[in-house]
Amino acid sequence: MAQVVLKDLVKTYGSIYAAKDVSLTVNDGEFVALVGPSGCGKTTTLNLVAGLIPITSGDITIGNRIVNDLDPKDRDIAMVFQNYALYPNKTVFQNLAFPLQMRKLPKSEIETKVKDAAKVLDITHLLERKPRELSGGQQQRVALGRALVRDPAVFLMDEPLSNLDAKLRVQMRSEIKRFHQDLNATIIYVTHDQLEAVTMADKMAVMNGGLLQQYDTPANVFANPVNMFVASFIGSPAMSLVPLQATTVDGRTSLTSSEGWVLPLSDANARKVAAASSHKIVLGARHSTIKLHKSAVDGAVPARVYTVEPTGDITFVQAFLAGAILNISLPPTAQVAPDEMVWLEFDQDRIHLFDGETEMALRAS
Amino acid sequence: MTSTSATEAPRSRRRIDGWRWGGRIFLVFMLLYTALPMVWMLLTSIKSGFAAMQFPPQWWPNEPTLASYQKLLDPQNSVGQDFLRFFWNSLSVSVVTTILAVAVAVPAAYAFSRFRFPGRKFLFFAVLLRNMFPAVIFLVPLFILMRWLGLVNTHGSLILTYLTFGLPLAIWLLKGFYDNIPYQLEQAARIDGATRFQAFLYIVMPLSVPGIIATAIYSFIGAWNEYIYAATFLTKNEQLTLPVGIQRFFSENTTDFPGLMAASFMMSVPVVVLFLLLQKYFVRALTEGAVKH
Amino acid sequence: MTIHAGHAGAPRKALPPRPSVLRQMWTSRADYLYVLPAIVVMLIVIAYPVYYTIDLSFFKTPPGLQLKDKIFVGVENYTAILSSEVFWKVTLNTIIWTVASTLIAFVLGYAAALALHRDFAGRAVLRAILIIPWVISAVAASYIWKWMYHSDFGIIGQVLVQLGLTDRQPNFIDNVHTVLPSLIVVNIWREFPFAMIMIMAGLQTVPEQLLRAAKVDGASAWQRFWHVTFPHLSGVSTVTILLLAVANFNSFIVPWITTGGGPSNASHIWITHIYELAFGRQRWGVAAAYSVLLFIIVMSLGYFYVRALSGNEKKEEGP
């Protein structure tokens with residue numbers, strides 16, 4: 001196992017940046033998720049690490065070697081693909097054996113290693129089958145197995161769960177997590193599903209538009225998103241963002257809406273707003289931090305209920321506020337009806353404030 | 001409810017029946033159009049020369065005879081000698097052409113499908129355009145070129161020419177095939193330790209076998225049936241291929257219709273058998289290559 | 001209005017420079033190895049003949065002279081062709097031949113593919129039989145039909161006589177009025193299977209869900225065909241028609257073997273005419289000029305052909 005360092009990685013296609021100045025360090029034995037919407041550059045970054053596409057500039061280090069110009073086969077990596085990329089004309093055994101044959105291992109050793117890997121992944125009974133005779137979950141395991149037999153320095157995984165049905169995905173999620181823990185493997189895992197990243201990874205790298213937005217532990221990314229993109233991408237349902245104006249009257253800073261209501265800010269939040277580049281402020285709040293009142297309460301702002309979605313243990317309410325839609329979670333006992341007027345109270349310690357111009361999170365100056 | 005569905009159902013069934021019957025009648029017509037000439041070829045080939053030219057005709061031969069076939073296949077007889085030699089010439093030219101066509105088309109189609117080198121589009125168009133040019137345009141210059149290469153009156157001239165007219169469609173068919181083999185498989189192979197060439201050899205090649213078979217059939221049939229170049233490049237009797245040989249022979253024996261039909265039949269047997277055996281690959285290659293995009 | 005060169009690229013100044021074509025060619029030099037064999041063969045057999053034909057079209061080769069004793073005559077060959085009566089007759093024949101063969105073969109093939117799409121007993125056998133005419137040698141096909149059209153013993157005429165439709169055995173291919181349609185029948189016989197195979201292949205890709213959705217929406221069999229199947233097959237239909245048109249425009253064997261272009265040029269099409277001029281009458285220069293004209297027509301057809309063949313080429317992310 002090894003450390004992977006990306007330094008100022010750039011990939012361009014003609015005049016388009018697929019990845020721009022991506023720098024991050026994956027420590028030995030760490031599980032890092034690259035997460036972002038489609039086209040954000042996460043798969044490009046993974047392919048650069050794999051050596052499947054040449055880099056435009058920057059450095060990739062695996063272990064202690066700079067691997068920029070090495071062939072994929074010489075980088076000591078294994079990769080699990082979104083569609084598994086199992087060789088359709090080979091049996092499961094031959095699929096697992098292929099990477100070892102390419103390394104010219106003796107037949108007996110190949111046999112032992114394949115059998116061992118098959119045992120770990122519980123696919124021994126499938127060894128003589130062809131990929132098309134396997135279920136999605138079984139194919140997924142074979143793909144993992146083919147990566148595993150190699151005992152590589154790094155595992156690269158490109159959306160390995162996205163073709164599975166919801167139930168199987170949850171199950172495989174925990175299996176991959178076990179896989180990581182048991183092997184103490186270094187894993188770089190690409191996904192567009194922020195929930196996968198949050199639940200599995202030690203660290204997550206949030207990407208958008210070819211740029212690395214934030215690289216931190218899931219807890220930190222969730223608690224302190226650096227900008228509006230990360231805030232709205234991580235968490236489900238998404239963090240609600242409400243565009244407002246900052247006003248200061250008699251030294252008291254408040255946020256005012258186009259609807260006329262005023263939300264006074266705490267001192268700590270007022271100091272953050274003072275650092276903003278303009279009066280445009282975006283208020284962010286996660287569904288669980290918003291309190292809903294059925295009648296006017298001091299410090300609460302009026303909103304109109306749009307939809308009510310009971311899920312059993314939580315009821316999600318969407319409400320219109322200052323032209324934005326807010327997500328609020330309520331206990332299942334709550335009685336709210338669409339089009340009802342409600343009053344929302346924000347927790348001053350847990351709201352997020354963003355600069356309306358730069359979209360960056362505001363920090364106390 | 002019940003009354004409406006009761007009146008609706010028979011009407012819609014009748015309409016579908018109309019379509020089905022129309023289709024059946026049409027298929028019967030097509031079967032007759034297709035098969036009757038071939039049936040008449042076979043019936044004529046087992047008549048005597050006299051029986052073939054009677055009025056009114058013998059629909060069914062009164063005294064069927066295999067004399068025409070015996071004559072063509074008898075190595076003791078000069079007609080048989082010629083026919084067997086033509087047959088052998090056609091076979092060897094077609095087989096060599098097929099092998100070379102596959103050997104050249106496979107790497108080219110793969111490159112057109114996978115690589116993005118400058119000029120790739122232009123080259124592909126050039127390959128396709130070759131398909132558009134009629135053979136006649138190339139006859140005189142090619143004849144001179146072949147003379148310069150010393151290939152006149154050799155089968156090499158035919159093989160070289162057949163290669164070029166077979167290649168464009170062969171490359172196009174195969175390219176469509178490679179387009180449908182996920183690139184991820186090769187990426188996986190390269191990560192698994194294969195070089196680009198090994199990935200091609202161990203992973204892509206086995207998967208493209210149906211496409212290669214289709215390309216091979218196409219090349220073989222094209223070479224087997226070709227007439228115009230063979231008629232131009234070959235002058236010596238012992239070099240001729242079947243289409244030219246038969247044409248030369250029967251332009252001197254204009255009334256031996258049973259013999260002509262027997263020769264036509266035997267000339268058709270190899271390609272028809274080959275095609276019928278492997279037609280599923282051909283249809284599949286067309287589906288993968290030409291249609292799915 | 002002034003348009004500044006490079007204006008469009010100007011605002012994106014932060015972008016990296018595109019590598020030069022030469023550099024790209026150098027970095028992908030290994031890729032060329034794969035296409036090299038194909039290109040070399042093509043160059044020998046295309047580039048040289050094209051050059052030679054254009055060159056020869058400006059020369060006269062009087063009968064009796066060797067090819068090497070050709071005389072430069074400028075565009076005389078071209079003017080001679082365009083002012084000759086035969087040229088226009090042959091051109092009309094070629095148009096009738098190409099359009100009729102292509103359309104009828106396509107429609108028959110299309111209909112046969114549709115009729116064969118539904119499963120029934122014996123379908124595979126029937127399909128195989130219908131394909132055979134396409135596979136067998138055109139020389140054999142020409143002889144079979146020539147025999148069936150024979151002026152004394154041709155079975156088609158005999159059947160017509162027996163049915164009482166005509167008193168005398170009709171002479172199909174020695175008659176200026178019937179020869180071209182008769183040969184078109186032969187040509188369609190050989191070519192409709194190709195259209196049938198292509199459309200059959202296309203039919204397999206029509207999404208079953210769409211057809212079911214249309215059924216649920218209350219569409220009749222004809223409406224389902226017209227609104228779902230037919231539009232879905234438009235791509236493959238275009239390619240098929242173009243391939244057939246090119247093949248017909250270039251066809252040679254059927255008219256040459258059955259009639260040799262006669263009687264009195266009634267079944268001559270461009271290709272057979274050029275062949276006769278060159279190899280029959282040794283008028284190489286005129287034949288070459290004909291070929292160049294043919295070139296120009298073929299090239300303009302070729303534009304649509306290439307567009308149809310590669311029009312849907314995927315813009316995949318290259319390695």
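**Exercise 1.** Find the bridge partner of Lys11(A) in β2(A), then place β2(A) in its sheet.

*Solution.* Step 1: Lys11(A) has Ala19(A) as its bridge partner. This is a predicted model, in which local features need pLDDT of at least 70, side-chain atom pairs count only at pLDDT 80 or more, and totals for chains, interfaces and linings use all residues. Residues are numbered from 1 along each chain as its sequence is written, with chains lettered from A and ligands numbered from 1 in the order in which they are written.

Step 2: Strand β1 (residues 4-13) of chain A pairs with β2(A) in the antiparallel sense over 7 bridges. Strands are DSSP runs of E, at least two residues, and helices are runs of H or I, at least four, both numbered from the N terminus; two strands pair if DSSP finds at least two bridges between them.

Step 3: The open sheet has 4 strands in the order β2-β1-β4-β5 (chain A), with antiparallel pairing. Because β2 (16-26) and β5 (65-66) of chain A each have a single partner strand, they stand at the edges, and one side of each lacks a neighbour in the sheet.

**Exercise 2.** Describe the contact of chain C with chain B.

*Solution.* Step 1: Chain C supplies 82 residues and chain B 87 residues; residues are in contact if their C-beta atoms, placed from the backbone, lie within 7 Å.

Step 2: On the side of chain C that touches chain B, helix α2 (residues 29-56) of chain C gives the most, with 15 residues.

Step 3: That side of chain C divides into 63 nonpolar, 17 polar and 2 charged residues. Ala, Val, Leu, Ile, Met, Phe, Trp, Tyr, Cys and Pro count as nonpolar, Asp, Glu, Lys and Arg as charged, and the others, Gly among them, as polar.

Key: Contact = placed C-beta atoms within 7 Å.
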